[in-house]
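Please open the model in a viewer and keep the sequence panel at hand. The tour below proceeds by selection, and each stop states what is to be found there.

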Amino acid sequence: MRPPSFEVKRSLEIQAPPGRIYLLLADFHQWSRWSPYEKLDPAMQRSFSGAESGKGAVYAWEGNGKAGAGRMEIVEAAPERGIDMKLDFIRPFRANDHAAFTFTPAGDATRVTWSMQGAAPFIARLMGLFINMDQMIGKDFEQGLANLKAAAEQ
């Protein structure tokens with residue numbers, strides 16, 4: 001009864017030029033300043049490889065049950081448009097998703113949209129009967145965008 005794919009998307013206007021926001025997103029070392037996922041496990045192991053930032057930058061993590069384990073790689077990056085990422089989860093479940101941050105001009109501000117799309121295998125669709133993925137992940141995206149706004153506007 002559930003669709004075979006999912007999408008979660010949230011947007012927020014940030015009073016900063018796209019280039020300033022881009023620097024916080026394209027460099028995985030900066031994610032500790034704004035990402036709510038960075039605080040799930042204080043002992044999380046992180047590794048960075050590939051490019052220093054932008055296309056080809058890779059970030060991998062290994063954490064507790066909340067943080068899980070996985071890998072992100074920036075596959076497209078443009079300071080005026082945003083970034084696209086390949087997102088591979090290993091734990092607590094395997095998934096291969098796509099995430100993006102897109103920038104849209106909004107007067108003197110920049111509208112940032114954080115989205116994630118992926119396949120919803122049978123078990124995920126079954127869990128969807130009891131857990132609303134959009135609400136669960138969406139509130140993390142809302143918190144992350146609020147943190148990103150604070151970091152970019154200071």
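**Helices on the sheet**

Begin by selecting helix 1, which lies across strand 1, strand 3 (57–62), strand 4, strand 5, strand 6 (95–106) and strand 7 (109–119) and runs at about 165 degrees to strand 6. Add helix 3 (residues 133–153), which packs on the sheet, touches strand 1 and strand 7, and makes about 25 degrees with the direction of strand 1. Helices (H or I, at least four residues) and strands (E, at least two) are DSSP runs, numbered from the N terminus. Contact means heavy atoms within 4.5 Å; axes are lines fitted to C-alpha atoms, for helices over the stretch in contact, and angles run from 0 to 180 degrees between N-to-C directions.

This is a predicted model, in which local features need pLDDT of at least 70 and side-chain atom pairs count only at pLDDT 80 or more, while totals for chains, interfaces and linings use all residues. Residues are numbered from 1 along each chain as its sequence is written, and side-chain values use heavy atoms, with hydrogens and water left out.

**The sheet**

Next, display the strands: they form an open sheet of 7 strands in the order 1-7-6-5-4-3-2, with antiparallel pairing. Strand 1 (5–14) and strand 2 are the edge strands, each pairing on one side only. From one strand to the next the twist averages 15 degrees. Two strands pair if DSSP finds at least two bridges between them.

Select strand 4 (residues 69–78) with strand 5 (residues 82–91); this antiparallel pair has 9 bridges. Within it, E76 has D84 of strand 5 as its bridge partner.

Move to strand 2 and strand 3, which run antiparallel and are joined by 6 bridges. Here S47 stands opposite A60 of strand 3. The hairpin of these strands has 6 residues between them, and G54 takes a positive phi near 75 degrees.

**The surroundings of D41**

Select D41, in the loop between helix 1 (18–26) and strand 2 (45–50). D41 is buried (under 20% relative accessible area; exposed is over 50%, partly exposed in between, with a 1.4 Å probe and protein chains only). Despite this, D41 has no salt bridge (a side-chain nitrogen of Lys or Arg within 4 Å of a carboxyl oxygen of Asp or Glu). The nearest side chain of opposite charge, R46, is 7.5 Å away (Lys and Arg count as positive and Asp and Glu as negative; His and the chain ends are not counted). A polar atom of the D41 side chain lies 2.7 Å from the backbone nitrogen of N64. Leaving aside residues up to four places away in sequence, D41 touches R46, G63, N64 and A67.

Which residue forms a salt bridge with R46? The partner is E38, with the closest N and O atoms 2.6 Å apart. R46 is partly exposed, with a relative accessible area of 33%, whereas E38 is buried, at 10%.

**Other salt bridges**

The count comes to 11 salt bridges. Select R111 and E13, whose side chains meet in one of them (3.8 Å, N to O). R111 lies in strand 7 and E13 in strand 1, so the pair ties together parts that are 98 residues apart in sequence. R111 is partly exposed, at 33% relative accessible area, and E13 is partly exposed, at 36%.

Finally, select E7 and K9, whose side chains meet in a salt bridge (3.7 Å, N to O). E7 counts as partly exposed because its relative accessibility is 43%, and K9 counts as partly exposed at 46%.

Notes
A polar contact is a pair of N or O atoms within 3.5 Å; within protein, one must be able to donate a hydrogen and the other to accept it, and residues adjacent in sequence count only if both atoms are side-chain atoms.
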